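Here's a quick walk through this model, one piece at a time. Keep the picture open while you read.

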Amino acid sequence: MDHSSTFEKALRSALITLVLIFFLFPILWIFLMSLQTNETILRIPPSILFEPNLDNYRALITGKLQTTAGNLDIAFMRNLWNSVLLSTFSVALSLLLGVPAAYAFARFKFRLGEDIAFTLLSFRFAPPLLVLLPLSLYFKTLGLTNTYIGLIWVYQLICLPLILWIVRGYFEDISPDIEHAYRIAGNSWWKTFTRVAIPLARPGIAAAGLLAFIFAWNNFVFALILASADKQPVTVGALAFVTASGIQYGQIAAAIVLSVTPTLALALYAQRYLVEGLSMGAVKG
Amino acid sequence: MGELVISNVDKIYRPRRKAPVHAVQSLSLTVKPGEITALLGSSGCGKTSTLRMIAGFEDVSHGTISLDGRDIHTLAPSARGVAMAFEAYSLYPPLTIAENMAFALKAAKLSTAESDAKVKAMAEMLEISDILNKYPTSVSGGQQQRAGLGRALVRKAGLYLLDEPMGQLEPQLRAILRGRIKHYLREHKCTTILVTHDQTEANALADRIAVMEGGILQQYATPAELKLRPANLFTGTFIGEPPMNVFNAGVRTDGKTVSFAIDGGVTLDYPANELSAPVSNLLSKQQRVAIGIRPHALHLGKGPIKGKVVSCQWLGDQTHVAVEVAGRTIVSVAQERVSQKTGSDIELNVAAGDLHLFDAASGGALAHGGDLA
C-alpha cells in the first residue's frame, strides 16, 4: 500500500526526472553529435537544430576517414570485432574456471581457501599499470605479445575475480540441503552440481557474466600496451580519431554509439532473465 | 529394512581460528531392521550431526557406521541407500511438488506410470494431493514439509532419516499424520531414525528413543522405560512434562527407617521395608542422593512436604499446582480440579515406590520405585 501524499509523489517524480536527465543527457548529446559534422558540433552557440547525416557512420563502416588534411584509413570495424572476440572469449573462459571455483569456495572449507579467494579478489584492486610493465616483459619472452590468447589471458585479471566473488555469494545463498536431497536420491556429485547448483545460481551467473563482459569491453590499458593495431579493441582504436588535423568529434561520437550497442543489447537481453531469476525467489531456503 | 550399527562414532568440528567442537562423542547405537528410533535432545545435542553423518553430508571423525553389514561411512551419499527428509524441506524450486517427490524414483529408473502411482498414493497419505502441480515457493511451509517428507518416504531405501519431519504442521494434522506415518513405516518395515526435540512426537512414533545431550548418548530405551527407569538425572528431568522435581538430600538409615533430609528443612521418612533390601543396603553406604519425583506422583494432602502455593492452574483435564518448598518451587499435577489460593499453606506426600534416586555426584540412577536401577 502506498501511504505517500500527492506532494511526495510529485516530488519523487521530479527528483527521478532530474536524475534521469543528468545521466541520460550526455548519451543523447553523443547520439546527436554522431549525426553531425565537426563544423556543426563546434559552432558557437551550440544548437540542437542541424541537418542530420550518416557520414560519420559511413566513414567508420567503410574504414575511410575523410579529413581536411586528406584521407585516412581506420580499422574501426576490425577493432569492434576484436572487442567482441576478446570480451566473449574472456568471459567464457572465466565462467568455465570461475563457476566451479566459486562453488568450491562456497561449499567446501579447505586449507588456505579464504586466502586463495582473497588473493584472486586482490587482482581487482591492484592498479593495472603496476602489473603491466613486468607483464609486457614476460609476454615478449613468452611470445604472447599481440596475440588474442595473450590478451584473453590478461583479461582474466578483470573477469575471473568478479565472476568468482559474485557467483560464490549466490552459491552460498542456496541451501546445501537442496543439493543434499538430490545427492541422497542417488545422484552423483557432478550431476548435482550441473543439474541443481548451476541452474539455481543462474541469475547470479548471468549477472556476473554481464558485468565481466562490460568490464572487459571497457578495458583500455591492457590492450594499449600488449597489442598492436590489428588486435586492439574499440577502446584503444578510438585513439585513431585524434588526428594530425584535429579531433574528429563526429566520428568519435558515432564510434561510441556503435561500440556501446553490443553491450547495451546484451544488457537489455540479460536483464529479463536477471529480473526473472531474482523475483522468483528461487534460492530462498 | 537394514540394520544400522553405529559404533564408537565421534564428530569433531574444527572451525578456523576457533576451538574444536566435539559434537558427538563415542556414540554407539544399533537400530534393528524395521525399528523406528528417535534421536531426542535439545538443540546442539549432536542429534542432527549424527543424522548427517549417517547420510554422508558430514565426515565421521572417528568410528564406523554400517547398514546391513556394509560399512557406509566412507561411501558417497548417493551410494548409501539412505532416504532423508530435511528440516528445512529443501525442495528443488524449479520443479513442482510432484516432480520433487518423484526425482529419486526417476534416478532409480522407475517407469513413469509406476512413479506417478507411488507419488499419488504418498500425496494422499500426507494430504497434499491438491498441491502436486504447484511449485514449492507457492505453497505453505507445512505443505513443503510434507512434500519433503513424502519425497523421502516414497522411495525404497535401506534406512529412512527424518529430521524434525513434522515441526511445521498444525497440531491436529500432526496427530493424524503421526498415526499414518507410523503405520506406513511399520507396514513397509522401514528402519527409521527420526530426529526431534519434541517428546510427544518421539513417544508417538518411535519404538526406542535415544536421548542425547552434549554429544553424549544418555540413554537408549523404549518410551515407557525412559519414563519409569531413567538412567540418570538428565534423562529423568528431560523426559516428562512437566519435568521431574529434584531435591538434594542427605540419607540416613537405621534398619527400620530410611530418612531423606532435604536441604532446606523437609524430611521424608519411609519404613525400610517399603524400599527393597538391596536399595536400603545401597542407601546405607550413601551420604547424599538426588531425589527425583514426577509431578504426577506428588499428591496433595497430608504429608511431610509442607509449602506455600505459588500458582494453581486448571488446564481443562488436570491441575498444575506450583508450590514453594524449602526455598524452591516444585510442581504437582492432580487429575481433578483443585482450587488453592496463592500463598495458602499446603501439604504434599509421595509414596516410596514413586521415588527416583540418583547419585548426588555423578547423577547416575541408583533406584527407581524402591528397586535398584
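**Starting with a sheet**

In this predicted model, let's begin in chain B, where 6 strands make up an open sheet, in the order β6-β7-β8-β3-β9-β10 and with mixed pairing. The edges belong to β6 (82–85) and β10 (216–221) of chain B; each has a single partner strand, so one side of each goes without a neighbour in the sheet. Step from one strand of this sheet to its neighbour and you'll find them turned against each other by 15° on average, ignoring direction.

Now zoom in on the β10(B) edge. Strand β9 (residues 208–213) of chain B runs antiparallel to β10(B), and 5 bridges join the two. Look for Val211(B), which sits opposite Gln219(B) in β10(B).

Next, see where the chains meet. Here 20 residues of chain A are in contact with 19 residues of chain B. On the chain A side, α8 (176–184) and α9 (189–200) are the elements giving two or more residues, and α8(A) gives the most, with 7 residues. By class, that side of chain A has 10 nonpolar, 7 polar and 3 charged residues.

Finally, stay with chain A. Its domain assignment gives domain 1 (6–73) and domain 2 (76–279), with C-alpha centres 30 Å apart. Their contact takes 19 residues from domain 1 of chain A and 15 residues from domain 2 of chain A. On the domain 1 side, α1 (6–34), α2 (38–42), α3 (55–62) and β1 (64–67) of chain A each supply at least two residues. There, α3(A) gives the most, with 5 residues. That side of domain 1 of chain A divides into 11 nonpolar, 8 polar and no charged residues.

How values were computed: Residues numbered from 1 in each chain as written. Chains lettered and ligands numbered in written order. Predicted model: local features only at pLDDT ≥ 70, side-chain atom pairs only at ≥ 80, totals over all residues. Pairing = 2+ DSSP bridges. Helix = DSSP H or I, 4+ residues; strand = E, 2+ residues; numbered from the N terminus. Axes fitted to C-alpha atoms, helices over the stretch in contact; angles between N-to-C directions. Contact = placed C-beta atoms within 7 Å. Nonpolar A, V, L, I, M, F, W, Y, C, P; charged D, E, K, R; others polar. Domains from an automatic or database assignment.
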